[in-house]
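Work through the two exercises below with the structure open. Each task is followed by a solution in steps.

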Amino acid sequence: MPKSAEVIKVEGLAKVYRSGEVEVNALQGVDLGIERGEFTAIAGPSGSGKSTLLNIMGGLDAPSSGRVLLAGRPISEMSGNELSDFRRDHIGFIFQSYNLIPVLTARENIEYIMMLQGVPQQERRARVAAILAEVGLQGMEERKPVQLSGGQQQRVAVARAMVSQPDIILADEPTANLDSATGAELLDTMRDLNQKSGMTFVFSTHDRMIMERARRLVELRDGRIDRDEVRD
Amino acid sequence: MVLLIRLAWRNIRRNTRRTILAGLAIGVGLASLIFTDALMIGMNESMVRTATDTFLGHGQIHAQDFRANMEIERTIVDLEAVVASLKREEGLRHFALRTQAFAMLTSPANVGAVALFGIDAAGEMGVSKIDEAIVQGAYLQAGDRRMLIGSNLAQTLEVEPGDRVVVTVAQAESGELAQEMFRIGGVFHFNVREMDGRMAFIDLGRAQELLGLEGRVHQIALHFDAMERDMHFWQRYSQAGNEALGWRQLIPELDAVLGMSQYSMAFMELILFGVVALSVMNTLFMSFYERLFEFGVLRAMGTRPARLAALVLLEAAGLSLVSVLIGVALGAAFTGWVAVTGIDYRGIEVGGVTFRELIYPVLSARQFIVFPLQVFIFALIAGVYPAVYAARLMPAAAMRESF
């Protein structure tokens, strides 16, 4: 990805969900740019469009109208494979629910993206060991997700999102299913990583703790940006 | 690819009960296909063997049109040359000369119309099983003045070995009626209605004398090492006023039954493949919807659509492999067991042939190579639809729908 200032930019983004005769306007003309190294929280009440915005920014969903530029390139110009490869190489995802592949061990879950990238086994193992140490899960490499607590699973998810060193990590309510202590610990880990490696983080959240620690807070209401505030 | 195979195999093992149930559904279908095919082969072989070995032979030579009008004068043309040629034939194990005429048998108690065959007692033993079917009295000897009749006919005429019957026939050329008295030498029982009720055998020389044929015969029954002969054989003996026919032409109704059994098998296969397709699709879709979120996550992590489709196809392949192994094991065990014990259809008539022996399913390579391969390929084809469905999945939609 070129070193442009904006990693992701959305312009005039709208998303309409249809359920039978009913139309729900999840996003209505959102313009937003995310710059390299940001630690941004997209906040708002339930149904405000946070997850939808995050999904569209990551190319997981298609907008009804508007443009999404990934590294300056419109998503609509990318083929299915190009978009998959782009996500694999440049975007890391963390989801609200524990989203590990249950049949794979913690190590295999973390290795998965690197295997898709064709990283040699030796390097994969070294990077897995390093990242697990960083998120405080040394020695748990061979555990299956069911053998880990919710907090540990989410740490593995963070490790998996970060191990391939993507340009940006999109986290959809990552602390929603965790108790406050575990959530705080996880958030500190991510903030450390942001500060050390300059990795860009964008969270969708209504967790006050994340909002307080974010350096930029974007508030959504009824599918529109209500507030966009950068803190020192 | 290794990663996908590992992932697919673990997913198959993930819900063991469902995998085993789906595997059993497909496997039992495959096992029943193997058994039915083996049984069909056993039945067909038994039917053909019963029809040909009992009396008909693997083929026959007659004068042209003899079979159509049964005229006594129509004897085999140039018999000596035909016999000499047959003696030189390779793969022809035995042949037997016969006369055949309609006759009236009269006993003190009753009258019966029969097909009267003049047979060479010694030569006939190599072609038919009349000698083995004798249930009362004894088989014929050369120059014998005795007669063999079927068990049902013996009942009708109320005779038994040692009793006398009078044979009335129309002689060749003149058409004059000729009568001769025979003693019942033996009673045979083939458990075939037509043979037991309407056939009688006398010595060939006596028959020629009675019918005024003087060394001529109506029929040469053939018994080969292998049941089938090529076209050239039949053409070679279908010359100069004679016709040579294989058992398929002699008993076309049996040939039709065999043909029908192939259609039945094809129909069975079609039903099985339908079951396989539905079972595989059902299992894959159940597993698929259960893991919709996971598929969304895999796509989000950068798994290409084709890879996801490959994963689903690999799961279909794994599931069908498990099923095929179950099916082959069940099929081999059950069919193998019945192939030893046999099934008793004796006395039941199919296509004009009455089973006289136990039926033993015949195992063949086709059942354990072609059928499993067909099931495997069909299961893979059935996996294409869920695979394409998975490939087209929008990651966010998959994750949304899973809640």
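**Exercise 1.** State how many residues each chain gives to the contact of chain B and chain A, and how much area the two chains bury.

Solution. Step 1: with contact meaning heavy atoms within 4.5 Å, chain B gives 24 residues and chain A gives 27 residues. This is a predicted model, in which local features need pLDDT of at least 70, side-chain atom pairs count only at pLDDT 80 or more, and totals for chains, interfaces and linings use all residues. Residues are numbered from 1 along each chain as its sequence is written, chains are lettered from A in the order in which they are written, and side-chain values use heavy atoms, with hydrogens and water left out.

Step 2: chains B and A bury about 2,400 Å² between them, 64% of it on carbon and sulfur atoms; buried area is the accessible area (1.4 Å probe) lost on putting two parts together, summed over both. In chain B, the residues that lose the most area to chain A are B:L3, B:R10 and B:M301, together 26% of what that side buries.

**Exercise 2.** Find the salt bridges across the interface of chain B and chain A.

Solution. Step 1: apply the rule, a side-chain nitrogen of Lys or Arg within 4 Å of a carboxyl oxygen of Asp or Glu. Step 2: the rule finds 3 salt bridges across this interface. One of them joins the side chains of A:D85 and B:R304 (2.4 Å, N to O). Step 3: sort the side of chain B that touches chain A by class, which gives 13 nonpolar (Ala, Val, Leu, Ile, Met, Phe, Trp, Tyr, Cys, Pro), 8 charged (Asp, Glu, Lys, Arg) and 3 polar residues (the others, Gly among them).
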